[in-house]
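Notebook open, structure loaded. I'm jotting down what I look up as I go.

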Amino acid sequence: AGAIANGEHVDEVGGGVSQFATTTFNAAFFAGLPITTYQAHSEHFDRYPYGREATMGWEHPDLQWKNNTPYGILVDTSYTATSVTVTLWSTQYAYGEQTGQSSSHSGRCTSVTTQRTIHYTDGRTGNDTVRARYRDAGATSC
C-alpha cells in the first residue's frame, strides 16, 4: 500500500500501517492515556484528524502509549474493507477530550499543537498536548 519514503509517495510493504497507528493513537487519546512515543506523518492526509495522528515504520517511527490506570486494558481491533476500529475495554478511569488546537507556519512547515483535557473519575483533571509538523504541499522536507 501507499507509504512515504524520503519525502516521496511510494508503494511498499507495510504501507497502510499508519491507518491502524492513527486509530490506536486516537483510542489512547480519548481514553486519557499517556501517549509516550509517536510521530505524525510528514504531510497531512485528509483521512486523519488534523494534528492528531501517528505513523509507523520499521524500525522507527514507533507508537507507544502507557496504561497508567490501576486496571488492565483489553485492546480489541476489527476491520472492514473500508475501516479500522480499535476499542480499549477497561474499568472507567479517565477520558480525554480535545479542548484546543493552534498552528503556526514557518518556512515550508506548519506546526500543530493539540490540547487535551483528561477527566478522571475521582474529579481531577489534567492537561497535555500532542504535536504534529506537516510539510507544505510540493515540499519534500521542512
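I started with Ile35 and listed its contacts, skipping residues up to four places away in sequence: Phe25, Ala28, Phe29, Leu63, Gln64 and Trp65. Worth keeping in mind that this is a predicted model.

Next I pulled up the largest nonpolar core, and Ile35 is in it. The core has nine residues in all, and the other names on my list are Ala21, Phe25, Ala28, Phe29, Leu33, Ala54, Leu63 and Val130. Which element gives the most to this core? That's helix H1, residues 17-30, with four residues. Nonpolar side chains in soluble globular proteins tend to be buried together.

Then I looked at Phe30, which also sits in helix H1. Buried or exposed? Neither, quite: I get 37% relative accessibility for Phe30, so it counts as partly exposed, given that buried means under 20% and exposed means over 50%. With neighbours within four places in sequence left aside, Phe30 contacts Arg52, Tyr95, Gly96, Glu97 and Gln98. I also checked Phe30 against His105: they are 75 residues apart along the chain, and their C-alpha atoms are separated by 27 Å.

On to Thr129, in strand S9 (residues 125-135). Thr129 has 36% relative accessibility, so I filed it as partly exposed too. Not counting residues up to four places away in sequence, Thr129 touches Thr113, Thr114 and Gln115. From Thr129 to Arg108 is 21 residues along the chain, with 23 Å between the C-alpha atoms.

Zooming out, I counted one helix and nine strands in the protein. In sequence order they read β-β-α-β-β-β-β-β-β-β. Is the whole thing as compact as a globular protein of that length, or less so? I found a radius of gyration of 16 Å, close to the 14 Å that the globule rule gives for 142 residues, so the protein is as compact as a globular protein of that length. The C-alpha trace spans about 50 × 35 × 25 Å along its principal axes.

A few whole-chain numbers before closing the file. Buried residues come to 34% of the 142. Of the contacts with a separation of 6 or more, 52% are between residues 24 or more positions apart. The protein exposes about 8,500 Å², and carbon and sulfur atoms supply 49% of that. For charges I have 9 positive and 13 negative side chains, with the centres of the two sets 7 Å apart.

How values were computed
Residues are numbered from 1 along each chain as its sequence is written. This is a predicted model: local features need pLDDT of at least 70, side-chain atom pairs count only at pLDDT 80 or more; totals for chains, interfaces and linings use all residues. Side-chain values use heavy atoms; hydrogens and water are left out. Helices (H or I, at least four residues) and strands (E, at least two) are DSSP runs, numbered from the N terminus. The radius of gyration is taken over C-alpha atoms; the globule rule is 2.2 Å times the number of residues to the power 0.38. Buried means under 20% relative accessible area, exposed over 50%, partly exposed in between (1.4 Å probe, protein chains only). Contact means heavy atoms within 4.5 Å. Accessible areas come from the Shrake-Rupley method with a 1.4 Å probe; for residues, only the protein chains shown count as cover. Lys and Arg count as positive and Asp and Glu as negative; His and the chain ends are not counted. The place of a charge is taken as NZ of Lys, CZ of Arg, CG of Asp or CD of Glu. A nonpolar core is a set of buried Ala, Val, Leu, Ile, Met, Phe, Trp, Tyr and Cys residues joined through side-chain atoms within 4.5 Å.
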